[in-house]
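Subject: Structure handover

Hello,

Here is the structure I promised to pass on. Please open it before you read the notes underneath.

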Amino acid sequence: AAMARLFFRAVGQFVTADTISFVGVRNAGSIFRAPATVICSRRLSTSPREPETPSGRPPPTPDRPAPHWGWSEDGQMTALEAQQTTASREELWSFYKGVLQTKLGVSEKHDLGYTSVEELQEVGIPLVAARKLLRAAPPMSPPPSRHLENFDISNFGNMTSPGDTIEKLVQLGTQKNDRSTPNILCASWLGGALLGFGCSVYIMLAGGTLMIQSSLPGLHAVMCAGIFPIGLTLIVLTGAELLTGNMMSCILPFVARPAETQRWTAALTRVFSLSFLGNFAGSLTMATAASWLIFHGAPWDGFIVALAMKKVSAGFLATMVKGIGANWLVCLAIFQATSSNTVIGKIAGLWFPITAFVALGLEHSIANMFIIPLGIMTGADITVFQFLTDNLVPVVIGNTIGGGVFAGMLNYYNLTAYKKALKAH
């Protein structure tokens, strides 16, 4: 009788609601997700029973979330699966990390979010562990719609805002105006020479594809213009100087601090004169080298002569207006490059405005310091006086208006007024 009482007491403690449910529906597969760890702990533990939910399972706690993994698809739990039900997610990640990296390319835990249970099972990870591993993955990035809802227009990422960029250009112009004469001459000579590389590649491509120009002139213009920004990219990334860029940056301190008119007038005259001389010297050096080493024969000599003659035949007013448009775009390219904090961002900011001005046939004074002398050396019937009066003088005037007024003064007024309005608001 005593043995019988002990037996039925043990059976009564063993047969719980969870055990009965498990015995009744274990063959239903993964539809019923029975917490095996709870059943095992009920059999072996002598601790007081935990409070149960209406379903008969203990409620989830911070250290034991509500389980969402279950049995294998055939309703059986292997010894490995039974062991992994009690393993922590970190232990499973450490155990399967080599397999995941080798077969699925998952090297970090957050990459698990891009996999599925089926993919993990295909590489040999049991269902229980696969589901547990996916719970270990950090939360995925929010969907794009949530990014758009939280988008902040004042957050420019790897670039500065337009208002901060214009202030940066004011500081840059102040530094340029304060530099020594030898430094300005050296940087300007380098600027003229580096722009000559871009002009040379442009002539090489444009003069060598004349058959495309005759049949598809628009495509030819844009295609050849797309290679020209090499020169300005070299200048900006190496810290060389162009007169046309200084027409914006060196005028901005004058605009920002008009009370110091006399000081800035003297500084502008000095910087502009030295930049002009240095750029001209660098461009002539490269034009001489190019005519001697590269462009001596068909089809480039004919293309160079025609291009140089076209530049001195447009008339004073038309040439000046083309100069305004050219340097407006060039200075906007410099503005965009200044706003970026990455090399690739600076290159992208430079590339498209420069491509636009070349494709449209606008006039840039420093580029003409290379192209027209090269045309004269190649055989173009152009005198030095004609070069200066019919092209260089009107283009310099137009470049000064485009860079100093349109890209400099108007941009400064627009952006500073906008910042003041934001602060007041």
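The notes below cover the salt bridges, the pocket, the cavities, a surface patch and some single residues.

First, the ground rules. This is a predicted model, in which local features need pLDDT of at least 70 and side-chain atom pairs count only at pLDDT 80 or more, while totals for chains, interfaces and linings use all residues. Residues are numbered from 1 along each chain as its sequence is written, and side-chain values use heavy atoms, with hydrogens and water left out.

**Salt bridges**

The structure holds three salt bridges. The term means a side-chain nitrogen of Lys or Arg within 4 Å of a carboxyl oxygen of Asp or Glu.

Start with K176 and E241. Their side chains meet at 3.3 Å, N to O. This pair joins distant parts of the chain, 65 residues apart. K176 sits in helix 9 (residues 162-177). E241 sits in the loop between helix 13 (230-238) and helix 14 (243-249). Helices here are DSSP runs of H or I with at least four residues, numbered from the N terminus. K176 and E241 are both buried. Buried means under 20% relative accessible area, exposed means over 50%, and partly exposed lies in between (1.4 Å probe, protein chains only).

E241 also meets R179, at 3.4 Å, N to O. R179 is in the loop between helix 9 and helix 10, 62 residues from E241. Both E241 and R179 are buried. K176, R179 and E241 thus form a network of salt bridges.

The E363 and K311 side chains make another bridge, at 3.2 Å, N to O. These two residues are 52 apart along the chain. E363 lies in the loop between helix 19 and helix 20, and K311 lies in helix 17. E363 counts as buried because its relative accessible area is 5%. K311 is buried too, at 10%.

**The largest pocket**

How much space lies in the largest pocket? About 580 Å³. The search runs on a 1 Å grid over the protein atoms alone. A pocket is an open set of points with protein on both sides within 12 Å along at least five of seven lines. A cavity is a set of points where a 1.4 Å probe fits but cannot get out. Lining residues have an atom within 4 Å of a point. Points are joined across faces, edges and corners, and a volume is the space filled by probe spheres set on them.

The pocket is lined by 28 residues. Y202, L307, K310, V358 and G361 lie nearest its centre. Several helices each supply at least two lining residues, among them helix 10 (181-207), helix 17 (300-311), helix 19 (343-359) and helix 20 (365-378). By class, the lining has 19 nonpolar, five polar and four charged residues. Ala, Val, Leu, Ile, Met, Phe, Trp, Tyr, Cys and Pro count as nonpolar, Asp, Glu, Lys and Arg as charged, and the others, Gly among them, as polar.

**Cavities**

There are two cavities of 30 Å³ or more. The largest has a volume of about 50 Å³. Its lining includes L195, F228, L242, I354 and H364. Eight of the lining residues are nonpolar, one is polar and none is charged.

**A nonpolar surface patch**

F316, V384, L388, V393 and I397 make a nonpolar surface patch of about 410 Å². Patches take residues with over 30% relative accessible area and no salt bridge; like charges are joined within 9 Å, and nonpolar side chains (Val, Leu, Ile, Met, Phe, Trp, Tyr) within 5 Å. Areas come from the Shrake-Rupley method with a 1.4 Å probe, and for residues only the protein chains shown count as cover. Helix 21 (residues 384-424) gives the largest share of the patch, four residues. V393 is in helix 21. At 41% relative accessibility, V393 counts as partly exposed.

**Single residues**

A417 is also in helix 21. A417 is partly exposed, at 33%. A417 and G163 are 254 residues apart in sequence, with 9.4 Å between their C-alpha atoms.

T378 is in helix 20. At 22%, T378 is partly exposed. The C-alpha atoms of T378 and F295 are separated by 8.0 Å, with their places 83 residues apart along the chain.

S313 is in the loop between helix 17 and helix 18 (316-339). S313 counts as exposed, at 54%.

Best wishes
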